[in-house]
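Hello,

Here is the structure I promised to pass on. Have a look at it first, and my notes follow underneath.

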Amino acid sequence: MRKVLSGRPPYYLASAVFLLISVIYLGVMLDRAYVGLELADVNGRWIVVGSDPNGAAYKAGVRVGDRILEINQKDPGAYGDVRTWNEAEGITTLKFRGPGQSGGRVVKVQQGAVRLESLSEIFMIILGYLFANLGLLAWLRRPLWGPARLLFWLNWSIALALVLAPASGRDLLFAREFEYITLSFVPVLMTKFFSVFPVERETRINRYAGRVLICVSIAIVTLTVLQSAGVLQAAAWLRKFALATVLTGILISLGNLAAIRRLPGRTPEKNQAGILLLGTVIGFLPFTLLTALPLMCNFPPIENTELSYLFVAAVPITWSYVIVKRYLPDSRRLMRRVCSFSLAVAVVSFVLTYAFFFAGVLKSLDLEGFLAVFSLTTVVSLSFTGVRLTFAELFKRLGFLAVEQEGVDQRVSQLNERLVSLREEEDRILEEVATSLGVEGALLIVENADGRGLKKAVGRFLARPDEQTMLERYFQTDKRGQLGTTRLPEDWPAEICIRVAGKDFVSGTFLGHRYSRIKFQGQELPSLTLICGQTVRQLSSAQAIEELSQEIRNMVQRSEIYERKIRRLRGITGSLFKNVEQERKTIARDLHDGPLQLALDLSRWLDELADHFADGEESCHGKAIAHMREVSQNLNFELRTICSDLRPPSLTDLGLVYSVRILCEEKMESEPFEFSLDCVGISEKTRLREEVELVAYRFLQEGIANAMRHTGSGKINLGIELKESELELVVRDSGKGFDPVRIDDLPLTNEHLGLVGMRERIESLGGKLHICSVPCQGTVLKACIPTSGRERKRVV
């Protein structure tokens with residue numbers, strides 16, 4: 001389940017669901033008028049407690065305090081939306097009466113006309129699509145990063161809630177229920193997102209807050225279902241509860257960001273937290289003060305607050321920008337700019353508000369008028385700034401007045417920042433220098449102490465080899481002459497030559513004439529010397545890195561060739577061992593079916609002769625027959641032993657553990673040695689693949705033979721342990737020991753070839769052999785043979 005949710009399809013599916021829901025509800029919403037009435041049952045009378053100025057009822061004259069007599073020519077209490085949500089939406093006729101009036105007035109609500117009743121609804125829909133698209137973009141840019149995935153779901157939840165809000169206001173089918181349910185997830189996702197990004201903060205407050213918000217989310221979902229079913233009557237309280245939960249999530253998130261900003265040092269995470277904090281405050285503060293708090297505290301609604309939704313757009317833009325971009329502007333500079341801009345706009349708005357009032361544009365001096373002027377001033381200022389920056393960038397790209405108006409020091413500083421980002425793009429470094437300085441071309445010559453050199457040209461010098469040759473001759477005549485900047489004659493293709501020397505290199509950078517033909521000033525030359533010196537070092541470093549990279553690539557290629565040879569040798573070795581085992585099996589079978597059977601037949605005939613001459617055992621014939629019987633029995637024993645050594649039948653029939661025990665018993669019967677066998681995770685009923693059991697048995701057999709041959713203690717310890725993915729085998733003795741460093745040289749000296757073959761067998765199955773031995777302190781042989789991907793079968 002986790003793998004499915006972390007893949008790509010859920011994100012595309014969620015985006016498609018959002019698009020489908022938004023299109024369906026938007027299509028239905030445009031065909032249904034927004035009434036905007038909130039009612040309350042007061043002693044059996046339905047009284048208007050809220051009338052939205054953007055609604056059709058308010059425009060028809062319905063005000064707070066009026067009594068609703070009929071809805072669609074029926075009692076208001078019989079209308080479904082009134083009973084469930086205390087709102088009158090989707091109606092066609094409305095009869096009401098004002099306080100102190102007699103009779104009633106009938107209002108007809110026109111349906112079927114395409115309309116959006118206010119700017120707030122337009123902004124909500126645009127904001128919804130902005131949240132959804134930027135969340136999807138952030139995930140597409142960084143699909144494997146956890147915070148990018150969290151941001152996608154957070155933006156998706158906010159986007160769906162924003163798109164459903166206008167449909168919820170019209171009480172469309174399940175729109176309000178979906179809005180509250182989606183809105184309940186927002187604080188949970190927001191708290192989780194800001195607890196792991198920019199810095200993961202597993203604090204007690206975050207853990208408790210996350211659990212509490214999850215419980216609150218479940219409560220909101222439950223209450224919404226009960227309210228929709230008519231079991232609960234708390235529509236107004238439920239709306240406030242959902243908004244309060246969202247504001248709580250915002251406050252916890254801002255607290256996390258503020259805590260990160262207080263961390264010591266200057267880190268990228270602090271800068272990210274500063275930008276996120278700035279964008280979140282700018283986006284949510286106007287909406288909280290002008291829309292959410294008045295609604296929660298039953299304050300009179302502030303009119304003309306639609307533009308407060310415009311600031312919310314800063315939230316998804318900031319969040320997605322920080323997630324997508326690796327290099328960000330300084331958050332402290334952004335804060336200073338935003339604060340200065342906001343104060344300037346506030347002062348100008350204050351002055352303009354009084355000017356509009358005295359000019360008769362505004363009828364009164366109040367908060368609503370100031371907010372309208374403030375919003376308008378903000379939009380105009382931002383638009384002016386955007387247009388100005390657009391034309392400035394256009395003039396810069398076209399070269400119109402750009403070189404003359406911009407100081408060299410400032411351009412060198414900007415160029416230095418760009419060169420840092422071009423460390424891995426060697427071919428663009430010199431081109432960036434020429435472009436930034438506005439010169440016709442640039443030529444760079446570097447000679448190292450070891451005779452290697454570097455020459456690069458851009459601009460006019462790239463297309464004119466004769467000019468390159470001319471400047472190169474000038475550089476060669478006096479390589480270590482006057483270091484620094486030298487002006488060249490005016491008729492030369494370059495204006496200045498900048499020499500830079502180090503311990504192991506000397507370089508010359510030739511800068512062509514400016515396009516504007518304005519000469520470089522004397523105070524500009526030190527900056528040019530510094531940037532050209534940095535360019536030389538960066539290009540030299542890039543060349544050295546390229547050479548090292550090429551050497552590494554060659555080493556990797558040689559290593560791959562060596563690895564392929566090793567794999568081929570291992571394959572050949574494995575095939576040889578298989579062939580040897582097959583030959584052993586064939587020889588053992590031939591011995592068993594041929595000579596051993598003849599020897600057994602001979603023993604039977606000798607037994608019959610012995611019985612025939614039972615009375616004459618003391619005769620020469622009896623003694624000969626007795627001797628022949630003894631020789632025949634010894635022959636049978638030797639043949640059985642040879643067959644067992646070649647291919648133990650118990651290994652094929654009864655498994656590894658049983659065969660090893662038989663081997664130990666046979667050795668103890670014939671030799672004065674004591675064996676101990678420890679089995680962990682494996683029993684006599686456990687079976688492994690044939691090649692694993694065979695290699696394990698041969699390892700233990702060879703280890704026992706070596707220990708019996710070289711140890712003097714008379715005690716050998718064996719261990720077999722079956723782990724999850726490998727079989728571990730140990731042979732331990734306390735004998736003479738040897739130097740394990742000599743293992744690799746044994747094939748050259750024809751010594752201990754058993755250990756060499758043992759290692760080859762184990763490595764042919766991908767295993768490893770470890771030898772730990774100290775002279776006069778014994779030897780430990782340990783083999784690890786992988787069993788992962790191999791079937792295990794048990795004998796029933």
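**What turned up around S773, and elsewhere**

The side chain of S773 comes to 3.4 Å from the backbone oxygen of G778. Please keep in mind throughout that this is a predicted model.

To stay with that serine for a moment: S773 belongs to strand β15, which covers residues 768–774. Besides G778, the side chain of S773 has a polar contact with the side chain of T779, at 2.9 Å. Is S773 buried or exposed? S773 counts as buried because its relative accessible area is 8%, and the cut-off for buried is under 20%.

Next, the sheet. Five strands form an open sheet in the order β7-β6-β10-β9-β8, and their pairing is antiparallel. The edges are held by β7 (453–459) and β8 (484–487); each has a single partner strand, so one side of each has no neighbour in the sheet. From one strand to the next, the twist averages 15°. As a reminder, strands of a sheet pair through backbone hydrogen bonds, in either a parallel or an antiparallel way.

Within that sheet, β6 (residues 441–448) and β10 (residues 505–512) run antiparallel and are joined by seven bridges. If you would like one pair to find on screen, look for N448, whose bridge partner in β10 is F505.

Strand β9 (residues 494–501) is where you will find R499. This arginine may catch your eye: R499 counts as buried, because its relative accessibility is 5%. The C-alpha atoms of R499 and F510 are 8.9 Å apart, and the two residues are separated by 11 residues along the chain.

Now to two helices. Helix α12, residues 314–324, is mostly covered, with eight of its 11 residues buried. Those buried residues are V315, P316, T318, W319, S320, V322, I323 and V324.

Helix α13 (residues 331–359) contains F350. How exposed is F350? With a relative accessible area of 48%, F350 is partly exposed, because that class lies between the 20% and 50% cut-offs. F350 also helps to make a nonpolar surface patch of about 630 Å², together with V347, V351, Y354, F358 and L365. A general point may help when you turn the view: an α-helix has 3.6 residues a turn, so residues three or four places apart point the same way.

Happy browsing, and do write back with any questions.

Best wishes

Note on methods:
Residues are numbered from 1 along each chain as its sequence is written. This is a predicted model: local features need pLDDT of at least 70, side-chain atom pairs count only at pLDDT 80 or more; totals for chains, interfaces and linings use all residues. Side-chain values use heavy atoms; hydrogens and water are left out. Helices (H or I, at least four residues) and strands (E, at least two) are DSSP runs, numbered from the N terminus. Buried means under 20% relative accessible area, exposed over 50%, partly exposed in between (1.4 Å probe, protein chains only). A polar contact is a pair of N or O atoms within 3.5 Å; within protein, one must be able to donate a hydrogen and the other to accept it, and residues adjacent in sequence count only if both atoms are side-chain atoms. Patches are made of residues with over 30% relative accessible area and no salt bridge: like charges are joined within 9 Å, nonpolar side chains (Val, Leu, Ile, Met, Phe, Trp, Tyr) within 5 Å. Accessible areas come from the Shrake-Rupley method with a 1.4 Å probe; for residues, only the protein chains shown count as cover. A salt bridge is a side-chain nitrogen of Lys or Arg within 4 Å of a carboxyl oxygen of Asp or Glu. Two strands pair if DSSP finds at least two bridges between them. Axes are lines fitted to C-alpha atoms, for helices over the stretch in contact, and angles run from 0 to 180 degrees between N-to-C directions.
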